[in-house]
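Me: I am in my first year and would like a close look at one part of this model, the salt bridges and the elements that they join. Please take me through that part slowly, and then set it beside the rest of the chain.

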Amino acid sequence: MNETSASRVEHDLLGDRQVPGDALYGIHTVRALENFPLSCRPVHPELIHAFGAVKLACLRANRELGTWKNDEKKADAIEQACGEMGEGRLDTQVVVDALQGGAGTSTNMNVNEVLANRALEILGEPKGNYARVSPHDDINLHQSTNDTFPTAIKVAAIRLLRRLEPELVKLQEAFQAKEQEFADVVKVGRTELQDAVLVTLGREMGAYAEAFAHDRWRVSKCEERLRVVNLGGTAVGTGLGAPRQYIFTAVGPSPRHHRDWVGARREPDGSDPERRCLRRGLRHAQGLRDQPAQGCERPAAPFQRTRGWVGRDPAA
């Protein structure tokens, strides 16, 4: 790797390419920008932050297994870099197009390169010195795009659902208030664009409120299903390519990392974890709260006019 003030040269199996000298991304990202100029839109910031959480989880699992026991400084640097990505401090470095080939490989590798080069900066090493910190062998260790990308998408989706739910509450409460306010306002109901029979405006508002109540229920059920993730499955979901103990460390209970994880959950079909690895959600930043290790189904939460329903777990 050669570096100048304006650019540096990185090498892959296809040859050498110039990479901007101050960029935290690397040669794979440069090639992805050339190969997939599709939507001209970047990856959603929440997906980037979720990737930081996923990579941090994998880093901690590998670290617990002693992967970097002889190089704690490297592990510390990678952990700091993952934390910065999770906090949104590295968003401008994830530059690949939102639409891409390879089921998200470009995003995964962009993230890996950014974290590797940020770790190198923390260690005082030049960017692109992948012999010291490798995007593949360190950041992506025991992982695949096929398990990290879907996991990151689900974590991002859960966080965005958490933002959506309070807004649905506001809409529901607003229409419930109008239901009371307009309870005595009589109007003509319409069907097929024609006047039909009488109805109160309050009842119409109540119907809208009920529709939003159903939407709140759907949000709750969506979040529950999104908690079943495939982190640790590697390329095809069997865990091949990762040590058996890594799978159980990454998805099993860990008091040491309790604040960053939620309960593991099997696949809905009850597959044995030795044949198909356990799935689990992450809780890094944004407060994904702990859930009991139970099946994917749960009784629908009550829908009331009070906003207290949204904060049903204030301790999380």
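Reply: What follows begins with the whole chain, turns to the salt bridges, and then visits some other places.

This is a predicted model, and its chain has eight helices and five strands. Read from the N terminus on, the elements run β-β-β-α-α-α-α-α-α-β-β-α-α. Of the 316 residues in the chain, buried residues make up 49%.

Now to the salt bridges, of which the structure holds 23. The general idea is that side chains of opposite charge can pair when their charged atoms come close. A good place to start is D12, which forms a salt bridge with R31, where the closest N and O atoms are 2.6 Å apart. Because D12 lies in strand β2 and R31 in helix α1, this pair ties together parts that are 19 residues apart in sequence. Both partners are hidden from the surface, in that D12 is buried and R31 is buried as well.

The strand that carries D12 deserves a moment of its own. Strand β2, residues 7-12, runs antiparallel to strand β3, residues 15-20, and six bridges join the two. The two strands form a hairpin, with two residues between them, and D12 stands opposite G15 in β3. D12 therefore has a place in β2 while its salt bridge partner R31 belongs to helix α1.

A second pair is that of R118 and E84, whose side chains meet in a salt bridge at 2.6 Å, N to O. R118 lies in helix α4, residues 105-123, and E84 lies in helix α3, residues 72-86, so this pair ties together parts that are 34 residues apart in sequence. R118 counts as buried because its relative accessibility is 18%, which is under the 20% cut-off for that word. E84, at 4% relative accessibility, counts as buried too.

A third pair is E121 and K127, which form a salt bridge with their closest N and O atoms 3.4 Å apart. Here E121 counts as partly exposed, at 32% relative accessibility, whereas K127 counts as buried, at 12%. Salt bridges that share partners join E84, E87, R89, R118, E121 and K127 into one network, so the second and third pairs described here are both members of that network.

From the charged side chains we can move on to the cysteines. The structure holds zero disulfides, and for C58 the nearest cysteine sulfur, that of C82, is 8.7 Å away. A disulfide is, in general, a covalent bond between the sulfur atoms of two cysteines, and the sulfur of C82 is too far from that of C58 for such a bond. C58 counts as buried, because its relative accessibility is 0%, and C82 is buried as well, with a relative accessible area of 1%. C40, by contrast, is exposed, with a relative accessible area of 69%, and C40 lies in the loop between α1, residues 27-35, and α2. C40 and A98 are 58 residues apart in sequence, yet their C-alpha atoms are 7.6 Å apart in space.

The loop that holds C40 leads on to helix α2, which covers residues 45-64 and so has 20 residues. From its first C-alpha to its last, α2 reaches 29 Å, close to the 28 Å expected at 1.5 Å a residue. Since 18 of its 20 residues are buried, α2 is largely enclosed by the rest of the structure. After α2 comes G66, whose phi is positive, near 85 degrees.

A positive phi also appears in residues that are not glycine, and it is worth pausing there because most residues other than glycine have a negative phi. E192 has a positive phi of about 55 degrees, and E192 sits in the loop between β4 and β5. T234 likewise has a phi near 55 degrees, and its place is in the loop between α7 and α8. E192 counts as exposed, at 74% relative accessibility, while T234 is buried, with a relative accessible area of 5%.

Finally, V186, V188 and L198 form a nonpolar patch on the surface, and together they have about 290 Å² of accessible area. One of them, V186, is found in strand β4, residues 186-191, and V186 is exposed, with a relative accessible area of 55%.

Key:
Residues numbered from 1 in each chain as written. Predicted model: local features only at pLDDT ≥ 70, side-chain atom pairs only at ≥ 80, totals over all residues. Heavy atoms only, no water. Disulfide = S-S within 2.5 Å. Buried < 20%, exposed > 50% of the residue type's maximum accessible area, 1.4 Å probe, protein only. Patch = residues over 30% accessible without salt bridge, like charges linked within 9 Å, V, L, I, M, F, W, Y side chains within 5 Å. Areas by Shrake-Rupley, 256 points an atom, 1.4 Å probe, with all protein chains shown as cover. Salt bridge = Lys/Arg side-chain N within 4 Å of Asp/Glu carboxyl O. Helix = DSSP H or I, 4+ residues; strand = E, 2+ residues; numbered from the N terminus. Expected span 1.5 Å × (residues − 1). Pairing = 2+ DSSP bridges.
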